[in-house]
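Hi everyone, thanks for making the time. I'd like to walk you through one model today, so let me put it on the screen.

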Amino acid sequence: MDCSYGDCTMILHEAIFKLNPTIVTIVGDIAYDKDNNEVQYDLDAAKAELDRFNAEQETAKQTAEAKLAKLGLTVEDLKALLG
Amino acid sequence: MTQANNVAIESSQINSSGVLQVAGGGTGLSTVGTSGYFLQSNGSTLQYTAVAGVSPGGSNTYVQYNNSGAFGGSANFVFNGTQVGILNSSPSYSLQVGSATADTRSVFWPNSAYAIGVGNGASGFAGWIGGSGTADNMVFSSSGGSERMRIDSSGNLGIGTSSPNQRVDALGYVQARGTTSSYFGYILYDTTNSRIHGTIQYVPGSTPAMQIGTNVAGTGIGFYTGNSGTQIQIDSSGNLQLYGGSILNNSGRAMLKQTGGTLQVVSAYSTTTVSTTNTYSGAVSTTITATITPSNTSSKILIQASVECYGNNATGANLAIFRNGTNLTAGGQNFLTRSYPLNSQLAINVPVLYIDSPASTSAQTYTIYLWSTASGASATTGQDNTQQWIVLTEIAQ
């Protein structure tokens, strides 16, 4: 996941990859390892990780926007600055 | 002379012409006697003698014939004054042979070509029915004797020809006459299977139609020209094929083999989200796939697809078109590599276009494959379960 361009949202598959290092491919809801064997995983845990990450990112975003506001700046000002 | 009421004439007085001369210049007999009698000599005198053996034979209307020196008559040959009956004692027509219950075939044995002639109602001759010498043909004529129809010794019927070489052989048009409400035409009957194999028919009514068809499952209709084989084929599934120097198979509804023309189109879509952290060696199917069976080895296949891609970790996704599991791009390279929007984690719909030449008429499966540009980073298609499609178009060459 790369948040360098600003919009940093994790998708469910990324959360599954993060929690299950042996999984290399996911087709729909079915996951496979490097040998193409099906791998069982905890879907609820993955969803919780997704929610946690996105909430964390939202908090960080709000914090950043608050800091900008104290400086008299907006997100649009930053975009104009960074191009 | 003679006693009273009798006449005696010497035989020398009867002349050679048989005229009875009466002596003394008389003018003849004043009384000739009772009906049914005749004058007969008994060796010395002439006497009235009862007539014997002159009564007609058989019943009324029986035609008389010589029956061992006597008149004979039979119910097998009658004439009632206007009608003749042969083997029929009560004819209903001018000439009637036989009855409805008896085998009364007649034999005409003329030494000329025809046996039964029919007048034209005036002074001429309408036609005849007869044989044709030793060929054992039956010939039917009209117009005063011109042959019109023949059944030869093989049973072939010729109309307008004296040498039929098929079961029915007609010189000129053959017309099937119908009505305004009933089908009419020709039936092709399969005797082996006791079924109508096909028809050439006209269907009247409010939506009239000329139809050429087959009633047998699995049977198509072919149109031929010269000796070049099938030119147009409608197979048993209703697929139409036009042949233009090469043979097309039947995988399309209408297969017009015209260079650049579309022969068939196959499409499919997928809404499955697929992610992988594999690099090229572990490329995975996006489940965006479709199969087409080219009708000709020279055909081109145009692959069009729209894939929703999602890249990650500043690397992104790679896409490629695989045919039957093999990357179409030379050297096994990616068809589409990462692009700027992928790096920004924005899902985009990526158009995929490619022209392939499979050179085969076997089924070809085209699939969009996905892999990550960096090991450990994930690449995704169909992130939002949106519809991603693939269209395969066969183009004639």
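Let's start with the largest nonpolar core, which has 22 residues. By nonpolar core I mean a set of buried Ala, Val, Leu, Ile, Met, Phe, Trp, Tyr and Cys residues joined through side-chain atoms within 4.5 Å. Buried means under 20% relative accessible area, exposed means over 50%, and partly exposed is in between, with a 1.4 Å probe and protein chains only. The residues with the most contacts inside this core are B:Ile303, B:Val307, B:Tyr366, B:Ile368, B:Ile390 and B:Leu392.

Which elements give two or more residues to this core? They are strands S23 (284-292), S24 (300-310), S25 (317-323), S27 (348-356), S28 (364-372) and S30 (388-395) of chain B. The largest share, 5 residues, comes from S24(B). Helices (H or I, at least four residues) and strands (E, at least two) are DSSP runs here, numbered from the N terminus.

Before I go further, a word on how to read all this. This is a predicted model, where local features need pLDDT of at least 70 and side-chain atom pairs count only at pLDDT 80 or more, while totals for chains, interfaces and linings use all residues. Residues are numbered from 1 along each chain as its sequence is written, chains are lettered from A and ligands numbered from 1 in the order in which they are written, and side-chain values use heavy atoms, with hydrogens and water left out.

Back to the core, and to B:Ile390 in particular. Leaving aside neighbours within four places in sequence, B:Ile390 is in contact (heavy atoms within 4.5 Å) with residues including B:Val266, B:Ala268, B:Ile288, B:Ala290, B:Ile303 and B:Tyr366. The list of partners also has polar names on it, among them B:Ser267, B:Thr289 and B:Gln304. Apart from this core lies another one, of 10 residues, among them A:Ile16, A:Ile23, A:Ala46 and A:Leu50. As a general point, nonpolar side chains in soluble globular proteins tend to be buried together.

That takes us over to chain A. The secondary structure of chain A comes to 3 helices and 3 strands, and from the N terminus on the order is α-β-β-β-α-α. Of the 83 residues in chain A, 28% are buried. Among contacts in chain A with a separation of 6 or more, 37% are between residues 24 or more positions apart.

How confident is the predictor about chain A, and where does the pLDDT fall below 50? pLDDT is the predictor's confidence in each residue, from 0 to 100. The mean for chain A is 86, and 87% of its residues reach 70 or more. Over residues 1-6 of chain A the pLDDT is below 50, and beyond near neighbours in sequence this stretch has 17 contacts in the model.

Now for the charges. A salt bridge here is a side-chain nitrogen of Lys or Arg within 4 Å of a carboxyl oxygen of Asp or Glu. By this rule the count comes to 7 over all chains. One of them joins A:Glu49 and A:Lys18, at 2.8 Å from N to O. A:Glu49 lies in helix H2 (residues 43-70) and A:Lys18 in helix H1 (residues 12-19) of chain A, so the pair ties together parts that are 31 residues apart in sequence. A:Glu49 counts as buried, at 10% relative accessibility, and A:Lys18 as partly exposed, at 46%.

Another salt bridge pairs A:Arg52 with A:Glu56, with the closest N and O atoms 2.9 Å apart. Both residues lie in helix H2 of chain A, 4 residues apart, about one turn of the helix. A:Arg52 is partly exposed at 36%, and A:Glu56 is partly exposed at 41%.

In chain B, the side chains of B:Asp190 and B:Arg195 meet in a salt bridge at 3.5 Å, N to O. B:Asp190 is buried at 15%, whereas B:Arg195 is partly exposed at 34%. As for sharing of partners, salt bridges join A:Lys18, A:Glu49, A:Arg52 and A:Glu56 into one network.

B:Asp190 and B:Arg195 bring us to the hairpins. Strand S14 (residues 184-190) and strand S15 (residues 195-203) of chain B pair in the antiparallel sense over 7 bridges; strands count as paired if DSSP finds at least two bridges between them. B:Leu188 stands opposite B:Gly198 in S15(B). There are 4 residues between the two strands of this hairpin, and B:Ser194 in the turn has a positive phi of about 50°.
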